[in-house]
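Work through the exercises below with the sequence and the 3D structure open beside you. Try each task before reading its solution.

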Amino acid sequence: MFQYQGTVYQRVQSEQALQRDMNKKKIDLQDRLARIQQQYIAQYAALDAMLFKLNSTSTSLKGALDALSNSNKSN
């Protein structure tokens, strides 16, 4: 009977160790995913700012080309 309790105790200890290991892996994975998410947010913000600048440049160039075209038509 005593050996059976020892076996059960060892099994419980093993399962508890496995649970601790899985919890640590879960936390590590959550931290990694949070870092990746922050990287994506930063990349998206940089891309959004670049697209805004490109749109502004496009508008300016269109205005300049339209003015040049109108100037050539007047002459």
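The exercises go from the whole chain to single side-chain pairs and then to the surface.

This is a predicted model, in which local features need pLDDT of at least 70, side-chain atom pairs count only at pLDDT 80 or more, and totals for chains, interfaces and linings use all residues. Residues are numbered from 1 along each chain as its sequence is written, and side-chain values use heavy atoms, with hydrogens and water left out.

**Exercise 1. Overall form**

Task: State how many helices and strands the chain has, and set its radius of gyration against that of a compact globule.

Solution:
- Step 1. The chain contains 1 helix and 0 strands. Helices (H or I, at least four residues) and strands (E, at least two) are DSSP runs, numbered from the N terminus.
- Step 2. The helix, α1, covers residues 2-74.
- Step 3. The radius of gyration of the chain is 32 Å, whereas a compact globule of 75 residues would have one near 11 Å. The radius is taken over C-alpha atoms, and the globule rule is 2.2 Å times the number of residues to the power 0.38.
- Step 4. Along the principal axes, the C-alpha atoms fill a box of roughly 110 × 10 × 5 Å.
- Step 5. Two C-alpha distances can be checked on the model. K62 and Q10, 52 residues apart in sequence, are 77 Å apart in space. D28 and A49, 21 residues apart along the chain, are separated by 32 Å.

**Exercise 2. Burial and surface**

Task: Find what share of the 75 residues is buried, and what supplies the exposed area.

Solution:
- Step 1. Apply the classes: buried means under 20% relative accessible area, exposed over 50%, and partly exposed in between (1.4 Å probe, protein chains only).
- Step 2. Buried residues make up 0% of the chain.
- Step 3. The chain exposes about 7,300 Å², and carbon and sulfur atoms supply 60% of this area. Accessible areas come from the Shrake-Rupley method with a 1.4 Å probe; for residues, only the protein chains shown count as cover.

**Exercise 3. Charges and salt bridges**

Task: Count the charged side chains, then describe the salt bridges of R11, D28 and D66.

Solution:
- Step 1. There are 10 positive and 6 negative side chains. Lys and Arg count as positive and Asp and Glu as negative; His and the chain ends are not counted.
- Step 2. The centres of the two sets lie 2 Å apart, where the place of a charge is taken as NZ of Lys, CZ of Arg, CG of Asp or CD of Glu.
- Step 3. The structure holds 4 salt bridges. A salt bridge is a side-chain nitrogen of Lys or Arg within 4 Å of a carboxyl oxygen of Asp or Glu.
- Step 4. One of them joins R11 and E15, at 3.4 Å from N to O. These residues are separated by about one helical turn because they are 4 residues apart in helix α1. R11 is exposed at 56% relative accessible area, while E15 is partly exposed at 38%.
- Step 5. In the pair K24 and D28, the closest N and O atoms are 2.9 Å apart. Both residues lie in helix α1, 4 residues apart, about one turn of the helix. K24 is exposed at 51%; D28 is partly exposed at 39%.
- Step 6. K62 and D66 form a salt bridge with closest N and O atoms 2.9 Å apart. Their spacing in helix α1 is 4 residues, about one turn. K62 is exposed at 53%, and D66 is partly exposed at 37%.

**Exercise 4. A nonpolar patch**

Task: Which residues make the nonpolar surface patch of about 400 Å²?

Solution:
- Step 1. Patches are made of residues with over 30% relative accessible area and no salt bridge; like charges are joined within 9 Å, nonpolar side chains (Val, Leu, Ile, Met, Phe, Trp, Tyr) within 5 Å.
- Step 2. The patch is made by L47, M50, L51 and L54.
- Step 3. Among them, L51 lies in helix α1 and is partly exposed, at 48% relative accessibility.
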